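Student: Could you take me through one part of this protein slowly? I'd like a close look at a single helix and the surface around it.

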Amino acid sequence: MDPTGTWFALMPPLLAIVVALIWRSVIPALFLGLWLAAWGLAGLDPAGLLQGLLDTLSLHVVNALADEDHASILLFSLMIGGLVGVIGNSGGMQAVVVALSRYAGNRQRGQLATAGLGLAIFVDDYANSLVVGKTMGPLTGKLGISREKLAYLVDSTAAPVTALALVSTWIGYQVSLISDALAPIESLQGSGYLLFLQSLSYSFYPWLCLFLVFYTAGSGRDIGPMVQAERRAGQAAKAQRTEAQAVSGQGQRMSHAILPLLVLIVGVLVGLWVTGDGEGLREIIGSGNPYKALIWASMAATFLAFVLPWRQSGRSMSSLLGAWIEGLQSMIFALVILVLAWALAATTKQLGAAQFMVLLLGDALPAAILPALVFLLAGLIAFATGTSWGTMGILIPLVVPLGYTLAPHEPQILQAALAAVLAGAIWGDHCSPISDTTILSSMACDCDHVEHVRTQMPYALLAGGAALLLGFLPAGLGLPWWLCLLSGMLVILLFMRFYGRRPEQAAG
């Protein structure tokens, strides 16, 4: 029996998600989902069940590791872990925490500082998650901000700001997909980049997601399980406050942390410039190789992180090397999760899960509801496969000609439908336990992964519901994008005002 392109294709990721939420353990859940997918690929029979078990590691995990881009991400993640270990050993991170504590002296300011740093690192979502999570972890812990809240702030700024930025590692990929989809449509004038720019106004979920992050950070109001997580963190911080206040930055230099991090961020931009091609800054950086840029930048930053404390503060090279190795080791558990998630996504793709869901959508649709349906479909595909880029790669070639065919004289339908692919992909990623960016955010913030997904879900559903009901549906009916966006912001603000709770209110 060949299950490819049938309902069975959805079962492996759904099994992994359900088991992860029930057992609160991701690795066994991912392995079971991968085994089920491997069984389907090997043939749904008793012999295939055994062959699928053997193939989980020997074939599918090996293929995930053999992928050049995956290997680059793993290496970059390890380098960031080692970099943070060296910065911590040099005392640079402690000095940064002491300095930031003077300005971010309470929970609200600490959260706003974290969200602001998330906006500042807009070049790449992976770099954003790892750098912001590792940098702000010590400060947020001192201020009584939970690991779950830190992971939410990191995860919910990383992909949205990278997707909306005019210069980022996402731009080249998105524009190339749009350009390829436009090529066969002779009557549709304009470049892929122009259509991408036009669609940004309709990217309701990324905009509303960022709005919700900053409102939550500034107001101190939370919803769902996050309230209790914040309350527990606040109580733990009070118990440790005396010890924490005894720590000073005397004899430690902020430059030991700030300079390597600046080299990392600037190095990514330089690497994209060197590996890119085209005319103009946006086109060159958008076409650059983000994986090479990330590795080069992390190498340069790590080298500087070793040299500065060794030369300026007399730190022994052996202690710095030991800290680097400890930093590498701290990443291993999460990287195992990441590799299993990649393997599951690849096998799910081979089973045709995304194509099966696309077929459910059909091609005879009222043009007005196309953006809303595309947003839902993109969210489902990203949730089931754990990849926003994969979702865009599947849907953009279908949505561009479909949007033009259904409404050739209504350009806002095509623009909104195209934005719905990007927005839905990020939305599904934020809700999925098998998303690579969600895993990286948990890893960078030292947060239990299942708890991160569980506490982030209410925020993602709130922003996603507002984007769907007040964004894509009315935009498809012809309402201006700015009115849709303002309506979504207003509803989120009112919801958080009346239903959000501060941690100290949860005591009863």
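Tutor: Here is a walk along helix 13 and the patch it helps to make. Keep in mind that this is a predicted model.

Let's start with the helix itself, which runs over residues 255–275. Does its length make sense? Helix 13 has 21 residues, and at 1.5 Å a residue they should span 30 Å; the end C-alpha atoms are 29 Å apart, so the two values agree.

Now look at what is tucked away. In helix 13, the buried residues are H256, A257, P260, L261, L264, G267, V268, G271 and L272. While you read along those numbers, here's a handy bit of background: an α-helix has 3.6 residues a turn, so residues three or four places apart point the same way.

Next, turn to the outside. V266 sits in helix 13 too, but it counts as partly exposed because its relative accessibility is 47%, in between the cut-offs of 20% for buried and 50% for exposed.

V266 also has company: together with V270, W273, V274, L281, W296 and M299, it makes a nonpolar surface patch of about 700 Å². Two helices, helix 13 and helix 15 (290–312), each supply at least two residues of that patch. Helix 13 gives the most, with four residues.

So there's your picture of helix 13: it holds buried residues such as L264 and V268, and it is also the top contributor to the nonpolar patch.

Methods: Residues numbered from 1 in each chain as written. Predicted model: local features only at pLDDT ≥ 70, side-chain atom pairs only at ≥ 80, totals over all residues. Heavy atoms only, no water. Patch = residues over 30% accessible without salt bridge, like charges linked within 9 Å, V, L, I, M, F, W, Y side chains within 5 Å. Areas by Shrake-Rupley, 256 points an atom, 1.4 Å probe, with all protein chains shown as cover. Salt bridge = Lys/Arg side-chain N within 4 Å of Asp/Glu carboxyl O. Buried < 20%, exposed > 50% of the residue type's maximum accessible area, 1.4 Å probe, protein only. Expected span 1.5 Å × (residues − 1).
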